[in-house]
Amino acid sequence: MVEAARTAVRTASGGAGILRFLGRRLVQGVIVILIVTLIVFALLHLAMPQGPAQGILGMQATQEQIDAFNRANGFDRPLWQQYFTFLSQIAVGDLGDSFKLNRPVADAIGQRLPKTLVLALISMVVALIVAIPMGIYQAVRRGKTGDYVFTTMNFIIYSTPSFFLGLVLVIVFAQWLHLVPALAPQGDTVAQVLAKPAGLVLPVATAALGIIATISRYMRSATIDNLSEDYVRTARAKGTPMPVVIRRHVVRNSLTPVIAMLGYYLPVMFGGMIVVESLFNYPGMGLLFWTSAQTGDYPVLLGCVLVIAVATVVGSILADLVQALLNPRTRGELA
Amino acid sequence: QGDEASSGKDSVSYALPAGTGPNWILPISSPDTMATHNSAIKATMWPRLFEYNGTSGTMEWDQKASAAKAYEFSDDHLSVTITLADLDWSDGEPVSSRDVEFWYNLVRFNAEKTGGYSAGLIPDNITNFEIVDEKTFTLTFSQVYNEEFLLANQLSLVYPMPQHAWDKTSADGEIGDFDRDEASAVQVFDYLFSEAKDMKTYATNELWQTVSGPYVVKSWSDSGQVELTANTKYTGEDTPSIPNVTFLPFTSADAEMNVVRSGEVDYGYITSAQLTSESQFTDLGYRVEPWAGWSITYMPYNFANPEMGPIFDQLYIRQALQHAVDQETISDVIWHGAATPDYGPVPQTQDSAYLSSEQKDNPYPFDLDAAAKLLADHGWTAGSGGTLECTNPGTGADQCGEGIEAGKKLEIVVTTQNGSQETDNMMSEIQSSLGKIGVAMTIDSKPLDSVLTEAQSCKTEGSTTCSWQLVFFGTAGSWYFPAYPTGERVFAKDTKWNAGQYDNPEAEELITQMTASTDSEIAQKYSALLAQDLPVMWMPNPVYQVSVIKDGLDVGHQDPGASFFPQRWSWSE
Amino acid sequence: MSATDRTATPVQGTDDAETPMLRIRDLAVTFRTDDGPVEAVRGIDLDVRRGEVLALVGESGSGKSVTAMAVLSLLPATAKRTGSIELDSRELTSLTEAELNGVRGKEISMVFQEPMTALNPSMRIGDQIAEALLNHGVGTKQEAARRAVELLARVGIPEPERRAAGYAHEMSGGQRQRVVIAIALACEPKLIIADEPTTALDVTVQAEILDLIRELAHSSGTSFLLVTHNMGVVADIADRVAVMYRGEMVEHGTAMQVLREPNADYTKRLLDAVPRLPEGGETVPPAGEPDSTGPGGVALPVPVLSLRESSVTYRKAGKSFTALDQVSIDIAAGEILGLVGESGSGKSTLGKVALGLAPTSGGELRLFGEKLGRGGLRGRAERRLRGRVGAIFQDPGSSLDPRTTVGEAIAEPLVVHRAVRPMSGRDRAARVRELLEAVELPASYASRFPHELSGGQRQRIGLARAIALEPELIIADEPTSALDVSVQAAVLRVLRELQERMDFACLFISHDLAVVHEFSHRVAVMHEGRIVELGATDDVLLRPQHPYSQRLLASVPVPDPVAQRERRVARLAARSAA
Amino acid sequence: MTTATAAQPATQPAARSPFRRGLRRFLQNKLALFGVVTIVLFLLFCFLGPILHPTDQVHTDLKSTMLPPGTPGHPLGTDDVGYDVLGRLMIGGQVSILIGLAAGILATVIGTLWGAIAGYVGGTVDAVMMRIVDAGIAIPATFLLLILSAIMRPSVPLMIVVIGLVSWLVPARLVRAESISLKSREYVLAIRAMGGTHGRAVVKHIVPNTVGTIVVNATFQVADAILLVAYVSFLGMGLQKPATDWGAMLTGGMTYTYAGAWWLIFPAGLCIVLTVCAFNSIGDGLRDFFDVKGRDR
Ligand SMILES: Nc1ncnc2c1ncn2[C@@H]1O[C@H](COP(=O)(O)OP(=O)(O)OP(=O)(O)O)[C@@H](O)[C@H]1O
Ligand SMILES: Nc1ncnc2c1ncn2[C@@H]1O[C@H](COP(=O)(O)OP(=O)(O)OP(=O)(O)O)[C@@H](O)[C@H]1O
Ligand SMILES: [Mg+2]
Ligand SMILES: [Mg+2]
């Protein structure tokens, strides 16, 4: 009874702190997003002062067509006007129409984003499942053979560019051994993708290996640091077996850098996905962003930037939130 | 995908170029949906009035694939009378003169919104459209045109469209003669465009089921995977042999090659680097066939560059530079054979009546000694560091030439498009050759868009910079021509893509005549002059793609115009 | 059962008929360091019998903690242990890790010396206690949680339920220490090794803990190996005493014997050094009169430290907790103000406020007449002002950066204020040597890292650092709590000498009322965030007015077993009367 | 007390400086030694190698392209425009190692200080600083590079700056996270109490205590920089020919994966992997250098 009531009080009042934190961070997030879109706008203008018409319409387009295109899409107006038009459009949820894809931007992103998210999340989860135990194992066996073996492996993987890594995986597992297909599952929806899990093996492996190499290193380092803390000794003095000490005490305190990494990984994965998506013919956000940047499909490009900025903000908030919750000392920062 | 393709003989899968999926079905394109594969797919459903292609080996009229059967010019060359082939729409109605007029009216009243429209040319230059009977009509033009130009470059843009099915202003509107009135023609046009903007319905929308060509859409996915199936009501001569054709979109050439290697594509492509070991594909049951394009590749000199213009103005310098480009070896070694030398303004990979012997014989073969001599003879000597400097300024025959001061160094910057290893290597090679004759070349590589923008910078109003010297945007060929390779959009004095502002009255005259003169030799004269006068630095012309085709799949001759005719493909046992 | 019965039958130190429960023979521990081996313990013998409290005393750094840790094989990996340790005739040194885990916590449990870092910062207090129970399969999760709360209550933590759900950083030093004790008690082991379990506790709480220990020893037959330097505690509770000096056992015997008729020289020195609080009524002149303090402790115009109505409120889970409640104090130049009070009453908080380091929710702080904090001095001026103040934090371990050597740590204030007091690198090194010697440490320790020192040694580093700049004001939070009385005496002497020479002022926080009495001019007593009594040392400590002060003084143990027994009886009587 | 100075266990060898002790820990780490030796060898290879094995890395030679290893004069063969691969590895290595190190150090220094300060100061400053990091992360590096390649002509210093500027964001986040939990440690308070500057607290006490994370990250930064140069050259912002780097060589060579031209892939790939591993090992040693406590556990 008392226990329950107390827990209720705790979560309720703690909830208020979290709400305040979220509120504040969301406001900041909106500012970040505005700044990011502004920077991207400015950069685009800097790189392509003439606008995207040439790229969109192709070499054969005449000057009249280009002028008409610029008029129709407002590229003849001052930059700040274009920016405010863009803002007022997204304010009402309108991302415009793609110049290249013959469809609305929201439609294109709406179709591609889930696909990328699925791939990214699966890779992330797989990576964490492998990397965290690996890092701990290495920390515990620090300086022993097992540690060296994994360290070397991680660094070979890490120092191999992902496009090459993916290629090697394809050659070995798809073309020599014929274990898994060389293509990611095709299909426009997540359900279609998930229906053929075999096809996800190589893309997920390519995306996950690099993350594993990174995260296991951080985990190893942080675990080593924490293993020398006094509280570990206290826990052992209680008769807690070492594996349990690690699981119950050390892991949580070692996750700080990993979580700081994770929040940042969410947006970065979009970049990393470009390689995976193009290699395995998996049209997702990464490629959408990349092709639109190359072809000057501004509405799509800006839409993607917006999505990535939102992902960054969310990732950053989540990381800070989880981190604060994990560490009672910083939990106070939430209020 | 593709699994069913390789198995049966009633279907075939074709890999589309990486990064683009087909996204337009209406025969009239919007300006941003002009990609080749869009029009190639459309043409299988709605044959053009005049289909010009190189499937026979030379660029010529392909009557079988055209909606026109015959044509006859009037004596004054101002009008042409065209007879339509015996094609029917899939709903049984015949393809009629009215259907051609329907296209004419829609484009005429909506020219600005139409892709490929060029002011003054078709349909602006048609002064009279006269329907003679159901299958015959006469077009009258505002001026005399070269016959080839008119048929190959103008009338080939016309598609007969099913007026009896499409001439309405809304989905449930009545069919009427709305196209004949400007206001309602705009409505019809907008209606058709809005329907064409919904890719999800391409396979289901009634509109697109009314076809006259050998195929009709069976499915069309968001990512651009398209399946065509034979049009059972097709009444023409170009009947398909393989009933089901699938077009596969790819995110990258690497992904495409992976699929090719796993044997899941019948007709795909590989990067030219793979030509170093063709056997990896022949072993898999493919044959490798480079697909040459109807194109030329070059680097414009910027004659308007305040610094370098005077240097580029000197023909001897252009000749020396051209002598230093080893096109044969570059094509063989760097492009692994997937490019062919190009010495002039007429596509040279294919033989054609337009090609002069002057161009064919390469007026400036690779010869570093000749190049060095040309420069030495005109007062250039090597300074410190080995770069040539003008030590004999003046306008005499053995002097540097007008506007070139003493001490001027032969240093050039090439702004080139990035992202291609072949191009990078080619530039390295040219840089290295030029270095050997004392010309210091700097490579500045940028994304294609930036290169194109930069190339226009001297011509854009209000632009303050004009600093580029040579630009290269030809990784996939610099310029693809319609069937009749006129230079009016590339080398004419004020045209947009005469980026370097080449200005030679003699050439200008020939260029004008190419569209207007009935002289059939005119193209050759033009070819010879520009091959010799070097308005640009001629460069090896890369193929359209290096195709890999499943053994047993006969695709005929690949069209240099980059179109494909799946109805001509067949499986042989 | 009354405690008096127990001490009525003192264990005969020489009677070996009964086999000891814990039997240590020829235990030696050597640390491998980068400077070569350090022999921390050199072949000692020790017995602990069933139900007895054995006090292990000795000089700081003599190897007490190392011995304690050696029993449960919890020494760092750089340590090498030889000799034999038997628990009920079972050899512990040859046990596997898994077997040891059965012993740890269950049969023998341990209270570590420094409670600040001994607790997992990210685990709830209650869970950490419950873990000890669950490790040994005692009860279900719910039961363990309930038991954890009980244990907290048992070690005298107020609001045990709230605390069980809280975290270590929210607790005062003494509270943490009690949590560690609660963990050790959890499984009701046969033997509890407690390494200075009461250093951070005020005497009232200390007395309660000692009562608890006594009760356990008596009723449940639990044995205790109690490492301590507080002779009062020894006198109060120990049946037998073992004395260590530089890694060796110099003396052992019953508490009576050792405390009243010590044999070894070191023991004698040790006992001589024990500060004693005069009995009520008797007056001892304080160590020199402060120049600016008038009679009755009224401060004259510009005090070096002046706090006005300072409050500190911690907010947690919506509830707020006032750790410091509208406290005002002044310290005049050259004056030493002793601050005593219950554990958790806000002494450290007050110390931090005086340093301008705590988040105050009101009030004003002036150092040397200059305002600090909001609206006060900033930047260089502020830093320069801080250079005139030395700070000693309560927990010696956590106030030293684990990655700087002892020498660097001591030199740091010199480096920080090199602009004011320029000093060559060589002079600085010399000064570090000098300071190390002043706190009774060899100069060679300069290159050691904090974790390579004993608790008392670390504390002395903190002290050396605080006096490096010869400050005009020292805020000292329990500066000698981890020191044995001999070293404490030496250190206090250094401080006093310095005080005579430099005439610095000091806020001296301590639980050791005798030391406070000896050292300070005025004394303040804190209770629940407030100063409940403030006055001249003798007035407060010998004639306390406030009930809490009275209780406090009644709880002070004296280092004489007989006298202490009497005091205890009196105290318990008073308590049961209340 | 008379025995004050001798109040300790007898064995007290001469004390060594912490640096020497750290150095010894570093040298005890076999991997770290391997790393140092490898890097030294690579430096010799890249900077002295061209003297022993002079090759023309300026002019192409289309007559002898794709020669396999063992061809006289070309121990590692030639590439697709006829450059000697061994000689190219040397000049490519100069650039890769230089950029890797310089950009890695730049990113680490900026990121560490940024994160440490943000976490230490907290409040509004932290919010502003970290939102700048968020904004930086939100603009994908590939996009930035694409834009920059359109505006500027790449050179080694420019690449160092650009790569440094896109890569400091991660360490900033990481270090901030640790900085927050370190700033409330008492030893940091102690510095403040003695009148040390905030700068001192950050540089002397916060940063060294995040060194584990920093070192791990720094080694990744070096690897990242070397790989990013590869990626960058793939995007076209790479160094202009005839300059090259290992990453560009690897990307270029990959085109010939199926053509069996392994000498265009593996030597460059091996150089990258070895260098990255070597830097990592050194990082591991550095960790030991700073880790006064870890091995005592
Ligand atoms: N960060 C915090 N959050 C919540 N409560 C805190 C925090 N820090 C201290 N407290 C509480 O403030 C009170 C006073 O703490 P303080 O450390 O000043 O006690 P103290 O008098 O020094 O005790 P001790 O003698 O045990 O060291 C304690 O009850 C403690 O639990
Ligand atoms: N990890 C270590 N490395 C090197 N020397 C150590 C280490 N731990 C302790 N020592 C040394 O061993 C000796 C004994 O230390 P120990 O902690 O047992 O002292 P102690 O008797 O508990 O002292 P105190 O009363 O100050 O806590 C000290 O001189 C100390 O410097
Ligand atoms: Mg100790
Ligand atoms: Mg305290």
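## A buried magnesium donor

C:Gln394 counts as buried, at 12% relative accessibility (buried means under 20% relative accessible area, exposed over 50%, partly exposed in between, with a 1.4 Å probe and protein chains only). C:Ser348 is partly exposed, with a relative accessible area of 22%.

C:Ser348 (OG) and C:Gln394 (OE1) are the protein donors of the magnesium ion (ligand 4), and they lie 1.9 to 2.0 Å from it. Donors are N, O and S atoms within 2.8 Å of the metal (3.2 Å for Na, K and Ca); water is not among the atoms, so sites may look incomplete.

## Basis of the model

This is a predicted model, in which local features need pLDDT of at least 70 and side-chain atom pairs count only at pLDDT 80 or more, while totals for chains, interfaces and linings use all residues. Residues are numbered from 1 along each chain, chains are lettered from A and ligands numbered from 1 as written, and side-chain values use heavy atoms, without hydrogens and water.

## Around ligand 1

Ligand 1 is surrounded by 23 residues (each with a heavy atom within 4 Å of it), and C:Ser348 is one of the closest. An oxygen atom of ligand 1 lies 2.7 Å from a polar side-chain atom of C:Arg163. For C:Glu170, a backbone N or O atom lies 2.7 Å from an oxygen atom of ligand 1.

## Confidence in chain A

Chain A has a mean pLDDT of 83, and 93% of its residues reach 70 or more (pLDDT is the predictor's confidence in each residue, from 0 to 100).

Conventions
A polar contact is a pair of N or O atoms within 3.5 Å; within protein, one must be able to donate a hydrogen and the other to accept it, and residues adjacent in sequence count only if both atoms are side-chain atoms.
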